[in-house]
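Please open the model in your viewer, with the sequence panel beside it, and follow the stops below in order. Each stop suggests a selection and then says what is found there.

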Amino acid sequence: MAATKPPKPKPLLQDADKPVRSRPRKPRNPAQPNLPLDPMPDRIDPCLALLKPKPPKGPQWAFEVKWDGYGLAVHIEPTGIRILTRDGHDWTHRFPAIQQAALWLPVGTAILDGEAVVLDEKGRSGFGLLQQSLGGRGGKKRSSDAIFIAFDLLYFDGHDLRKSELDVRRHLLEDLVPAGEQGDIRLSEEIVADGDQLLTSACEHGLEGIIAKRRDAPYRSGRLGDWLKIKCVQSDSFVIVGYERSTVARAGIGRLLLAARKGNDLVYVGGVGTGFSERSAAELREQMDRLIIAKPAVDTGRKRNAVFIDPKLVAEVEYRAWTHDGKLWHASYKRLRNEQDNAAVYEIE
């Protein structure tokens with residue numbers, strides 16, 4: 001029987017001095033499908049942080065600073081950049097610096113979740129600074145001072161990442177927006193620390209609070225508890241149902257009358273008479289006087305000099321605690337919430 005010749009070994013390089021070349025590409029057979037790519041969502045409802053009195057424990061939680069600004073989604077699309085508010089308003093034209101920075105990111109398509117902020121000289125975000133840079137409440141100015149703090153990546157180069165764990169999404173985000181960079185799009189860095197110590201430190205530095213996120217959680221729209229916020233001072237959003245007139249107070253507002261939600265109803269939770277500046281009081285008065293109604297929307301008890309309004313405005317209020325009869329204690333007015341904030345009005349259980 002004749003011996004078979006062993007197959008000739010194929011040399012890895014034909015000639016040492018010739019560059020290696022791959023075979024010329026054949027045109028793709030149109031009958032063959034492309035690699036599956038996920039369609040890019042037009043808009044994603046945001047994941048929102050649930051308010052808790054103290055930080056959670058355990059290695060499954062990652063911590064970040066709580067930023068005080070506008071929640072935004074930056075869409076990097078084949079046709080250009082879109083910057084959307086939480087409730088889907090297109091505000092691309094209002095953040096030119098963020099739009100330009102997004103164009104420079106090394107990615108074809110992406111959706112970044114984050115917050116537009118304006119920082120003070122100590123690097124702290126202040127909502128008032130952001131609102132001022134946009135021309136005040138209801139203003140239409142463009143803000144070139146605002147930067148975008150990115151804290152999540154929901155879509156990346158043709159792939160929907162919402163089902164991936166936070167750790168996976170963060171890993172890809174950190175490749176796209178490296179830690180420590182000081183451009184107009186920056187990373188909200190994870191802080192490795194004990195939650196209680198981090199909260200204490202955040203409060204000492206005059207920050208608003210901290211955010212805790214479950215490392216193993218997918219990205220789910222709504223306020224479902226995958227993300228938690230822990231604030232240095234308690235603050236919540238309440239519906240304004242009227243105000244008490246005053247001859248001495250700013251813009252004639254003695255006290256705002258506030259309500260919280262209970263199921264489908266509104267319930268009176270007391271008033272707030274401090275925390276107004278001349279400007280915020282004048283702005284409030286102007287907004288409220290457009291909404292005056294004859295009968296109160298909720299029972300506020302007997303009130304002298306009260307003016308009742310259609311419950312359409314939402315105020316953020318800081319307070320120390322609740323009284324035994326369900327009223328806010330030591331309340332101070334912080335700001336009027338914009339529709340674009342998608343503010344969750346306080347719910348009484």
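Select D157, which lies in the loop between β6 and β7 (159–160); strands such as these, of at least two residues (E), and helices, of at least four (H or I), are DSSP runs numbered from the N terminus. The phi angle of D157 is near 45°, a positive value in a residue other than glycine. Most residues other than glycine have a negative phi. At 38% relative accessibility, D157 counts as partly exposed, a class that falls between buried, under 20% relative accessible area, and exposed, over 50%, with a 1.4 Å probe and protein chains only.

This is a predicted model, in which local features need pLDDT of at least 70 and side-chain atom pairs count only at pLDDT 80 or more, while totals for chains, interfaces and linings use all residues. Residues are numbered from 1 along each chain as its sequence is written, and side-chain values use heavy atoms, with hydrogens and water left out.

Move next to A251, in the loop between β11 and β12 (253–262). Its phi is near 55°, again a positive value in a residue other than glycine, and at 29% relative accessibility A251 counts as partly exposed.

Now colour the chain by pLDDT, the predictor's confidence in each residue, from 0 to 100. The mean for the protein chain is 87, and 88% of its residues reach 70 or more. Among the elements to look for, strand β6 (residues 147–156) has the highest confidence, at 98, whereas strand β17 (residues 321–322) has the lowest, at a mean of 79. Over residues 5–24 the pLDDT is below 50, and beyond near neighbours in sequence this stretch has one contact in the model, a contact being heavy atoms within 4.5 Å. Where pLDDT is low, the predicted coordinates should not be read in detail.

With the whole chain in view, the secondary structure comes to five helices and 19 strands. Of the 349 residues, 44% count as buried. Among contacts with a separation of 6 or more, 67% are accounted for by residues 24 or more positions apart.

For the next stop, show C203 and C232 as sticks: a disulfide joins them, with an S to S distance of 2.1 Å, the criterion being a pair of cysteine sulfur atoms within 2.5 Å. By this rule the count comes to one disulfide. C203 lies in helix α4 (residues 195–204) and C232 in the loop between β10 (227–231) and β11 (235–245), so the pair ties together parts that are 29 residues apart in sequence. The torsion about the S-S bond is about -95°, so the disulfide is left-handed. Both ends are partly exposed, C203 at 33% relative accessibility and C232 at 27%. For another cysteine, select C47, which at 6% relative accessibility counts as buried.

Turn then to the salt bridges, each a side-chain nitrogen of Lys or Arg within 4 Å of a carboxyl oxygen of Asp or Glu; by this rule the count comes to 28. Select R215 and E190, whose side chains meet in a salt bridge at 2.6 Å, N to O. R215 lies in the loop between β9 (209–214) and β10 and E190 in the loop between β8 (185–187) and α4, so this pair ties together parts that are 25 residues apart in sequence.

Continue to E316 and K231, a salt bridge with the closest N and O atoms 3.8 Å apart. E316 lies in strand β16 (residues 314–318) and K231 in strand β10, so the pair ties together parts that are 85 residues apart in sequence. E316 is buried, and so is K231.

In helix α5 (residues 278–289), select R285 and D289, which lie four residues apart, about one turn of the helix. Their salt bridge has its closest N and O atoms 2.9 Å apart. R285 is partly exposed, with a relative accessible area of 24%, and D289 is partly exposed at 34%. Then select K66, D68, E208, K231, E316, K334, R335 and R337 together, since salt bridges that share partners join these residues into one network.

The last stop is T92, in the loop between β4 (80–85) and α1 (96–104). T92 is buried, with a relative accessible area of 9%. A polar atom of its side chain lies 2.9 Å from the backbone nitrogen of I83. Leaving aside neighbours within four places in sequence, T92 is in contact with I81, R82, I83 and Q99.

Terms used
A polar contact is a pair of N or O atoms within 3.5 Å; within protein, one must be able to donate a hydrogen and the other to accept it, and residues adjacent in sequence count only if both atoms are side-chain atoms.
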